[in-house]
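Please find below my reading notes on the model, set out as numbered points for a colleague who has the coordinates open.

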Amino acid sequence: LAIDDFKLYEADDQSSFVALDRFATDLRLRALLMRKININYIDLVRPDIHIAQEGSSFNFDDMIAHFRSDTTRVEKPKEKSPWIIDIDSITIRNGQMFYEDRQVEAQWDFKDLNIYIPSVYFAGQDTDIGITLSFAEGGSLHTSLAYNLESSDFDLSVELNKLALSTVLPYFRQSFNVSRVGGALTADVNLRGNLRHVMAFSIIGTADLDGFSMHD
């Protein structure tokens, strides 16, 4: 299945919510006979996403409400042989995402968003996720995550390079009466733990703050 030049508009029929040059995927139909959902790849090229938040409301709430069922789900007994879901090679290339929190007047513009997930398993194996992106105001982020859905163990590595602190000024203003903030944050951190015991984790790494300034 392939979709080219896709665009989804906001409810006002003017603003773009999601747009992308190409979406392509490949599903192994024969695996369905063995109670398996096996997807060879998912590829998204140049997705452009706009997310707006105001308090607890988002610009996609109307979409969720549209597809929400009005009936109460009846829990079915667990099947003896559950479905196995296996997704290989999820790739997002040259993406862009704009996020704004209208309540605190914060804006985040993510450029060059590239995500590569070699595989996602829903049958106990490890899932590996890698994300790289650049911030429009300066700096870049690279992350890699290994997560086991069955044991809930995770291993997260984060490399943050020269994030401009000016991007977090609206959050500083929630606690301080300041006009501007400057500086750049660099960090190289590894975090290991288990999501079932959130506070039992180990973290090692370094963080550097250069040229920090905060003005009245």
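The points go from the basis of the model to the whole chain, and then to individual sites.

1. Basis. This is a predicted model, in which local features need pLDDT of at least 70 and side-chain atom pairs count only at pLDDT 80 or more, whereas totals for chains, interfaces and linings use all residues. Residues are numbered from 1 along each chain as its sequence is written, and side-chain values use heavy atoms, with hydrogens and water left out.

2. Overall composition. The protein chain holds two helices and 12 strands, where helices (H or I, at least four residues) and strands (E, at least two) are DSSP runs numbered from the N terminus. Along the sequence their order is β-β-β-β-β-α-β-β-β-β-β-α-β-β. The C-alpha atoms occupy a box of roughly 65 × 45 × 35 Å along the principal axes.

3. Burial and contacts. Of the 216 residues in the protein chain, 31% are buried; buried means under 20% relative accessible area, exposed over 50%, and partly exposed in between, with a 1.4 Å probe and protein chains only. The exposed area of the protein chain is about 14,600 Å², with 55% of it supplied by carbon and sulfur atoms; accessible areas come from the Shrake-Rupley method with a 1.4 Å probe, and for residues only the protein chains shown count as cover. Among contacts (heavy atoms within 4.5 Å) with a separation of 6 or more, 50% join residues 24 or more positions apart.

4. Pairing around strand 4. Two strands are taken to pair if DSSP finds at least two bridges between them. Strand 4 (residues 48-54) pairs with strand 2 (residues 16-27) in the antiparallel sense over two bridges, and here Asp-48 is the bridge partner of Ala-19. With strand 6 (residues 84-101), strand 4 runs parallel and is joined by six bridges, one partnership being that of His-50 with Phe-98. Strand 5 (residues 57-58) is antiparallel to strand 4 and joined to it by two bridges, with Phe-58 as the bridge partner of Gln-53. The hairpin of strand 4 and strand 5 has two residues between the strands, and Gly-55 in this hairpin takes a positive phi near 70°.

5. Asn-59, a site to inspect. Asn-59 lies in the loop between strand 5 and helix 1 (61-67), and counts as buried at 15% relative accessibility. Its side chain makes a polar contact of 2.7 Å with the side chain of Glu-10, a polar contact being a pair of N or O atoms within 3.5 Å of which, within protein, one must be able to donate a hydrogen and the other to accept it, while residues adjacent in sequence count only if both atoms are side-chain atoms. A polar atom of the Asn-59 side chain also lies 3.0 Å from the backbone oxygen of His-50. Not counting residues up to four places away in sequence, Asn-59 touches Glu-10, Phe-17, His-50, Ile-51 and Ala-52.

6. Positive phi outside glycine. Which environments hold Asp-13 and Ser-152, buried or exposed? Asp-13, with a positive phi of about 65° although it is not a glycine, is placed in the loop between strand 1 (2-9) and strand 2, and is exposed at a relative accessible area of 55%. Ser-152, with phi near 70°, lies in the loop between strand 9 (140-148) and strand 10 (153-164), but counts as buried at 8% relative accessibility.

7. Nonpolar core. The largest nonpolar core (buried Ala, Val, Leu, Ile, Met, Phe, Trp, Tyr and Cys residues joined through side-chain atoms within 4.5 Å) has 22 residues, and those with the most contacts inside it are Ile-42, Ile-87, Ile-90, Trp-108, Leu-133, Phe-135 and Leu-160. Strand 3 (36-45), strand 6, strand 7 (106-121), strand 8 (126-135) and strand 10 each supply at least two of its residues, and strand 7 gives the most, with six. Leaving aside neighbours within four places in sequence, Phe-135 is in contact with residues including Trp-108, Phe-110, Leu-141 and Leu-160.

8. Aromatic rings. Rings of Phe, Tyr and Trp (its six-membered ring) pair if their centres lie within 6.5 Å, and planes under 30 degrees apart count as stacked, over 60 as edge-to-face and the rest as tilted; by this rule there are six aromatic pairs. The rings of Phe-58 and Phe-60 are stacked, because their centres are 5.1 Å apart and their planes are at 20°. Phe-58 is partly exposed at 29% relative accessibility, and Phe-60 is partly exposed at 25%. Trp-108, Phe-110, Phe-135 and Tyr-171 form one aromatic cluster.
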